[in-house]
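Here are a few worked exercises on helix packing and empty space. Grab your viewer and try each task before reading its solution.

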Amino acid sequence: MQIQGQIVDIKNKRIYSGEVTITNGKIVSVVEKNHNIKNYILPGFIDAHIHIESSMLVPSEFAKIAVLHGTIGTISDPHEIANVLGKDGVYYMIDNGKKVPLKFHFGAPSCVPATFFETAGAVIDSEQIKELMALPDIYYLSEMMNYPGVLFDDEEVLKKIAWAKHFNKPVDGHAPGLRGEPVKKYISAGITTDHECFTFDEAAEKLSLGMKVIIREGSAAKNFEALIDLLPDNFENMMFCSDDKHPDDLILGHINQLCARAVAKGIDVFKILQVACINPVKHYKMEVGLLQNNDAADFIVVEDLVNFKVKQTYIDGELVGENGQSFVPHVEFDKPNNFNTSAKVLSDFKITSSAKTIRVIEALEGQLITNEVHCTPKIIAGNLVSDVENDILKMAVVNRYENAPPAIAFIKNFGLKKGAIASSVAHDCHNIVVVGTSDEEILSAVNLIIQNTGGICAVNGSDKKSLALPVAGIMSDQNGWEAGRLYQEIDAMAKELGSTLKAPFMTLSFMALLVIPDLKLSDKGLFSGNSFSFVDLEVE
């Protein structure tokens, strides 16, 4: 088979009219050849850090959409399903991913659970990390979120890193805001990447210390604008990722969008493509071709090098997507789960208090971090309730693994004027998280999630919209387009209820993520990421 077009030679920074010859899934030649075809042929895009589960799709369904945007491979951390199902969840993702052409490269989740200040469905210790790292299907130790464990020489944390080194596999980082001597120690432990940089200066410091920085643009967390100006001088040591991307966003685009945005800023296209296509393959030793002789025939055909509209995607010489039509086959898949809580009652969400001041979580648009603010609560009949007028709404996290009293707190910037929204996609343990304007609406939303054994929903009286997520309580059993459609409907309803957030459900999913400061809520209580300890709702 021969494919003709304008060959994009990223290594040598040249574009020429040529032809690619493919035999048995391998490239046997890339040669110059005169023709009039204007399309560009280049290596496929790689997402250098993604939790496939956050698309709410199993890998085989994710692949159907991703290939349409020129994505041919991913560095995938199965951390989310591992927190629900342990090692079995990791094996599930690997097995399902192998049934489709897209080249998933999974890591061994390093922090399951991320902390012991919340209830998870499983634990993966250093002995299990040893077992996973020995597998050829595991390519790296995924993000070491427990950076305090690294800094304070936690024995179990260091054992996990040691096993990655033993098997000569890289270690991914996760150290938001870490600077100075602490970040030097973190890097010296053998941690090679970070996708959590908040600022230009933070990323520049980490790059200067030899760390690779990944520019992240997900559905909620975004650092493209903060970091992109570093790319021209650091293109050999940067990558692109989405981290967490909801299905409606995935339908619109993937890494190709970041390339287009970078070009629009006037950055050299070869440097951009080095970041998008080459660096992850080299760093993680991915089994992905780079448009060279004897490589796997993994490449894409795009209309231009400005918008990166993908016309064709090839993996191992197979045409897997063309002009918006996916040829990735449908595969049947199991629906393992771990959902063991009963329906709740109204009294579960009442909290009596006479406090004059309470701690409130301040959610921030486009960020995983939050602030702690102190506010005067609204109290009716001795019960702390949502203060809709001042946007101080009641929030709860409900243990999904066993029957236990919900943890209650309050949050700003969700903006709901009526109803409630809830989700069992709640990093990292995936308990049920809910924000609502009244205890009654909160109860309604939580019980709908329990009824579906996982999902997301928006409720307002009798008006209820939900997307069931019966695979581990975090992934749909629908195809990606149907899941995306349902998600869009629920997202639209959340905004009709008053939410001003661009991605209210993605933001909601991180409000229980204790390892990102400052104030978060686990199923065990209100937690300060700065002091790494529980704090009281009431301010003395």
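Contact here means heavy atoms within 4.5 Å. Helices (H or I, at least four residues) and strands (E, at least two) are DSSP runs, numbered from the N terminus. You're looking at a predicted model, where local features need pLDDT of at least 70, side-chain atom pairs count only at pLDDT 80 or more, and totals for chains, interfaces and linings use all residues. Residues are numbered from 1 along each chain as its sequence is written, and side-chain values use heavy atoms, with hydrogens and water left out.

**Exercise 1.** Find the buried residues of helix H4 and work out what covers them.

*Step 1.* Run through residues 126–133: Ser126, Ile129, Leu132 and Met133 come out buried (under 20% relative accessible area with a 1.4 Å probe, protein chains only).
*Step 2.* These residues sit on the same side of H4, because they cover an arc of only 110 degrees around the axis (taken from the directions from the helix axis to the C-beta atoms). In general, an α-helix has 3.6 residues a turn, so residues three or four places apart point the same way.
*Step 3.* Now list the cover: it includes helix H3 (87–97), strand S7 (103–108), strand S8 (138–144) and H6.
*Step 4.* Check the N-terminal end of H4, which aspartate 125 caps with a side-chain oxygen 3.2 Å from the backbone nitrogen of glutamate 127.

**Exercise 2.** Do the same for helix H8, then see what follows that helix.

*Step 1.* Within residues 200–208, the buried ones are Glu202, Ala203, Glu205, Lys206 and Leu207.
*Step 2.* Their cover includes helices H7 (180–188), H9 (224–227) and H10 (231–234), plus strands S10 (191–194), S11 (212–216) and S12 (238–241).
*Step 3.* After H8 comes glycine 210, with a positive phi near 95 degrees.

**Exercise 3.** Describe the lining of the largest pocket.

*Step 1.* On a 1 Å grid over the protein atoms alone, a pocket is an open set of points with protein on both sides within 12 Å along at least five of seven lines, and lining residues have an atom within 4 Å of a point.
*Step 2.* That gives 17 lining residues, with Asp9, Ile10, Lys11, Ile278 and Gln292 nearest the centre.
*Step 3.* Strand S1 (2–9) and helix H13 (269–284) are the elements giving two or more residues to this lining.
*Step 4.* Sort by class: 10 nonpolar (Ala, Val, Leu, Ile, Met, Phe, Trp, Tyr, Cys and Pro), five charged (Asp, Glu, Lys and Arg) and two polar (the others, Gly among them).

Terms used. Buried < 20%, exposed > 50% of the residue type's maximum accessible area, 1.4 Å probe, protein only. 1 Å grid on protein atoms, 1.4 Å probe; cavity = no way out; pocket = protein on both sides within 12 Å on 5 of 7 lines; lining within 4 Å. Polar contact = N/O pair within 3.5 Å; in protein donor to acceptor, adjacent residues only side chain to side chain.
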